[in-house]
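Got the model open in your viewer? Take this tour one selection at a time, and look around at each stop before moving on.

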Amino acid sequence: MSEFLKENFLLPTSAAQKLYHEYAKGLPIVDYHCHVSPKEIWEDKRFENLAQVWLSGDHYKWRLMRANGVSEEYVTGDADDWEKFLKFAELLPKAIGNPMYHWCHLELKNYFGYTGLLSGETAKEVWELTKEKLQSPDLSVRGMIRQSNVAFIGTTDDPADSLEYHEKLQNDPMLSTIVAPSFRPDKALQIEKDGWQKYLSRFSEAAGISIDGIDSLEEALSKRIEYFDKHGCRASDHGLDKAVFAAAERSQVDRIIKKRLSGETVTSAEADAVKTSLLLFLAGEYEKRGWVMQIHYNCMRNPNSLMFEKAGPDTGFDCIGPNNGSEALRRLLDAMYRSGRQPRTVLYSLDSNDNAFLDALVGSFQDGKTPGKLQHGSAWWYNDTKDGMLSQMTGLASTGLLGNFIGMLTDSRSFLSYARHEYFRRILCGLLGGWMESGEYPEDYEMMGKLVQDVCYYNAVRYFGLEEKLGLEECL
């Protein structure tokens, strides 16, 4: 019987073990999509206890707590940190099969040297140990980043953000990790939502442009894109409830924007027309600057209306939103391709039923110049489980080129989540090593080792244009 979380965790064959320990393990991390705070990196924030690191803003843990009958007081409420942590520790033994069980124990082992099992019975022991170790400089925010060997962090930033902390970080000679903003213009595109006019006023002020229609809105977006580009931005990100495409004349889009600015409501069809127009415009802006365009879709936001009213958005109540947006997504990519305004693009669906479709779709729009220009992105959110990662990678391998895959991201608000890259790398090596052991692929470690290193690190370096910043021009 294999031992839990030991040296060869998730590496069942000798080939898998060799691939991981000799090729994957020591590589730096490119965390190209996450939600950590640049302010906390600049300030080198210190945490008093594990609850502050683990439970603040972690939707995964909040959902498990609610599923275990834990009242909201201990989830997002005013209970003290110890009480919240104890409630989580008590449920963790029930989370067998959930990646949270693996992630938590990897983080305890990697950062705190704890090799036991977290439960209600061991909670106090873990609490005291981690509380003491969090006083070490190695477990400040920068300490966690440094010991995790993170080469690049792409945060998620609103177009109206001043980027003041990014500017400070870029001028900080003490920080070796590159921290760059990512352009997330969702609020500017969500014309149908309450608060759009209020947001547009804020955005208008940031851009220094009075927005009164499609021309001025595009001008403002372009100006902020230029501002982000000067601050090292390498990617955009779009969170769409569903894939959209509704072609409309420019004059019609302008009328819809003016209608909404006057306080009138818009139909879903009108909102889709505006989003389509702006997505195509933005794709062209990204392509000109060599940015990557990320599209996350098929998330059902706030299905629990009562808890949305009480706790607000982004509190762990979102779920998978299966919408068959295949034709809309196809038309959106087709319009980009025909116009020559298709940037490098990563597609993520929260509905794993879309995996085969995405694998096939990206193959229909490769340009014959850039390896892996269109990507089916890493298993996302509810899919970043062991099974979800294996499904995404085996599907991609069977219909495309796994060797061009840009690998894992954290998509997290926690600075301990870099353990997820180790988790991914072990799963990847387990998959490839299994194929080698079964005779499906030759026992060629030079070939397979290079593929492992590309997927774990070098493909992302190339894809996001980080070679010069990371001093890797000669290596690539």
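Select Asp 80 to begin: with 41% relative accessibility, Asp 80 is partly exposed. Keep in mind as you look that this is a predicted model. Asp 80 sits in the loop that runs between helix 4 (59-67) and helix 5 (81-91). Now add Glu 73, Asp 78 and Glu 83 to your selection, and together with Asp 80 you have a negative surface patch.

**Stop two: a buried charge**

Jump to Arg 344, which is in strand 9 (residues 344-349). Which side chain of opposite charge is nearest to Arg 344? Show Glu 467 to see it: that side chain is 7.1 Å away. Arg 344 is buried yet has no salt bridge, because a salt bridge needs a side-chain nitrogen of Lys or Arg within 4 Å of a carboxyl oxygen of Asp or Glu.

Next, display what surrounds Arg 344. Leaving out neighbours within four places in sequence, its contacts include Gly 290, Trp 291, Val 292 and Met 293. Others among them are Arg 234, Thr 370 and Lys 373, along with Arg 462, Tyr 463, Phe 464 and Gly 465.

**Stop three: salt bridges**

How many salt bridges does the count come to? The answer is 25, and a few of them make good stops.

Pick Asp 215 and Arg 250 together. They form a salt bridge, and their closest N and O atoms are 2.7 Å apart. This pair ties together distant parts of the chain: Asp 215 belongs to helix 12 (residues 214-230) and Arg 250 to helix 13 (residues 250-261), 35 residues apart. Turn on the surface and compare the two partners. Asp 215 is exposed, at 52% relative accessible area, while Arg 250 counts as partly exposed at 40%.

Stay on helix 13 and select Lys 258 and Asp 254. Here is another salt bridge, with the closest N and O atoms 2.8 Å apart. Both residues lie in helix 13, four residues apart, which is about one turn of the helix. Lys 258 is partly exposed, with a relative accessible area of 41%.

For a pair with a similar layout, go to helix 20 (residues 445-463), where Asp 454 and Lys 450 also lie four residues apart, about one turn of the helix. They form a salt bridge whose closest N and O atoms are 2.9 Å apart. Is Asp 454 buried or exposed? With a relative accessible area of 9%, Asp 454 is buried, since buried means under 20%.

Before you leave the salt bridges, select Glu 226, Glu 285, Lys 288 and Arg 289. These four are linked in a network of salt bridges.

**Stop four: along helix 20**

Head back to helix 20 and find Ala 460. Ala 460 counts as buried, at 2% relative accessibility. Now pick out Asp 31. The C-alpha atoms of Ala 460 and Asp 31 are separated by 9.0 Å, and the two residues are 429 residues apart along the chain. Which residues does Ala 460 contact, leaving aside neighbours within four places in sequence? Show Val 30, Tyr 32, Ile 406, Asp 454 and Leu 466. You have already met Asp 454, as the salt-bridge partner of Lys 450.

**Stop five: two backbone oddities**

Select Leu 163, in the loop between strand 2 (150-154) and helix 9 (164-170). Leu 163 has a positive phi of about 60° although it is not a glycine. At 1% relative accessibility, Leu 163 counts as buried.

Then move to Trp 381, in the loop between strand 10 (374-376) and helix 18 (386-399). Trp 381 also has a positive phi of about 60°, and Trp 381 is not a glycine. Trp 381 counts as buried, at 13% relative accessibility.

Ala 379 is found in the loop between strand 10 and helix 18 too. Ala 379 is buried, with a relative accessible area of 8%. Not counting residues up to four places away in sequence, Ala 379 touches Asp 384, Gly 388, Met 389 and Gln 392.

**Last stop: back outside**

Finish with Lys 198 in helix 11 (residues 196-207). Lys 198 is exposed, with a relative accessible area of 71%. Draw a distance line to Pro 137, which is 61 residues away along the chain: the C-alpha atoms of Lys 198 and Pro 137 are separated by 42 Å.

How values were computed:
Residues are numbered from 1 along each chain as its sequence is written. This is a predicted model: local features need pLDDT of at least 70, side-chain atom pairs count only at pLDDT 80 or more; totals for chains, interfaces and linings use all residues. Side-chain values use heavy atoms; hydrogens and water are left out. Patches are made of residues with over 30% relative accessible area and no salt bridge: like charges are joined within 9 Å, nonpolar side chains (Val, Leu, Ile, Met, Phe, Trp, Tyr) within 5 Å. Accessible areas come from the Shrake-Rupley method with a 1.4 Å probe; for residues, only the protein chains shown count as cover. Lys and Arg count as positive and Asp and Glu as negative; His and the chain ends are not counted. The place of a charge is taken as NZ of Lys, CZ of Arg, CG of Asp or CD of Glu. Buried means under 20% relative accessible area, exposed over 50%, partly exposed in between (1.4 Å probe, protein chains only). Contact means heavy atoms within 4.5 Å.
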